[in-house]
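Trainee: I am new to this structure and would love a close look at a single part. Could you take me through the last helix and what surrounds it?

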Amino acid sequence: MKKIFICLILSIVSLSATQTDQSQKDAKKIYKTCATCHGINGDSPALGKSAAINLMNEEQISQALNGYLDGSYGGELKIVMKIEAQKLTKEEIQSVAKYIQTLKK
């Protein structure tokens, strides 16, 4: 019984690590679209209008993306980000927000 329990725990940990790795790979892929305007390292002001996103924390990025979705965030070009944000699930928003943190230098 103890061996079965240990195997079950190890399987759960392994599955969780695999999901995290996949989530990170998905976020990196998603960010390629973002990099078009925000730069490879997230340090470019998109279209000369925004702050560098790599200066924002994970919560700020997530709130901004969700704000674009509901119309509560953004300036004159927010429609551009709303269109991009609509392509993402809530989980993808969280993943890409977390990924952007790895771009900080």
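Mentor: Gladly! Keep in mind that this is a predicted model. Let's begin with the overall layout and then settle on helix H4.

The chain has 4 helices and 0 strands, so to speak a plain α-α-α-α pattern when read along the sequence. Of its 105 residues, 26% are buried. Helix H4 covers residues 90-101, which makes 12 residues. From its first C-alpha to its last, helix H4 reaches 17 Å, close to the 16 Å expected at 1.5 Å a residue.

Which residues of H4 are buried? They are Ile93, Ser95, Val96, Ala97, Tyr99 and Ile100. As you turn the model, a rule of thumb may help: an α-helix has 3.6 residues a turn, so residues three or four places apart point the same way.

Now follow two of those names, Val96 and Ile100, into the interior. Both are among the residues with the most contacts inside the largest nonpolar core, together with Tyr31, Ile61 and Leu65. That core has 18 residues. Helices H1, H2 and H4 each supply at least two residues of the core, and H4 gives the most, with 5 residues. This fits a broad trend: in soluble globular proteins, nonpolar side chains tend to be buried together.

Helix H2, which spans 58-70, also offers a handy landmark beside H4. Gln60 is found in helix H2, and its C-alpha atom is separated from that of Ala97 by 8.4 Å, although the two residues are 37 residues apart along the chain. Ala97 is buried, whereas Gln60 counts as partly exposed because its relative accessibility is 38%.

Next, step back along the chain to what comes before H4. Helix H3 takes up residues 78-85, and Ile83 lies in it. Ile83 counts as partly exposed, at 44% relative accessibility. Together with Leu47, Leu77, Ile79 and Val80, Ile83 makes a nonpolar surface patch of about 430 Å².

How many salt bridges are there? The count comes to 2. One of them joins the side chains of Lys87 and Glu84, at 3.2 Å from N to O. Lys87 is exposed, with a relative accessible area of 57%, while Glu84 is partly exposed at 28%. The other salt bridge pairs Glu76 with Lys49, and their closest N and O atoms are 3.7 Å apart. Glu76 lies in the loop between helix H2 and H3, and Lys49 in the loop between helix H1 (2-38) and H2, so this pair ties together parts that are 27 residues apart in sequence. Both Glu76 and Lys49 are exposed.

One last stop is helix H1, a partner of H4 in the core. You may notice Cys34 and Cys37 and wonder about a disulfide. The count of disulfides is 0. The sulfur of Cys34 is 9.0 Å from the closest cysteine sulfur, the one in Cys37, and that is too far for a bond, because a disulfide needs the two sulfur atoms within 2.5 Å. Cys34 is partly exposed, with a relative accessible area of 22%, and Cys37 is partly exposed as well, at 33%.

To come back to your helix: H4 gives the most residues to the largest nonpolar core, with Val96 and Ile100 among those that have the most contacts inside it.

Methods. Residues numbered from 1 in each chain as written. Predicted model: local features only at pLDDT ≥ 70, side-chain atom pairs only at ≥ 80, totals over all residues. Heavy atoms only, no water. Patch = residues over 30% accessible without salt bridge, like charges linked within 9 Å, V, L, I, M, F, W, Y side chains within 5 Å. Areas by Shrake-Rupley, 256 points an atom, 1.4 Å probe, with all protein chains shown as cover. Salt bridge = Lys/Arg side-chain N within 4 Å of Asp/Glu carboxyl O. Buried < 20%, exposed > 50% of the residue type's maximum accessible area, 1.4 Å probe, protein only. Expected span 1.5 Å × (residues − 1). Core = buried A, V, L, I, M, F, W, Y, C linked by side-chain atoms within 4.5 Å.
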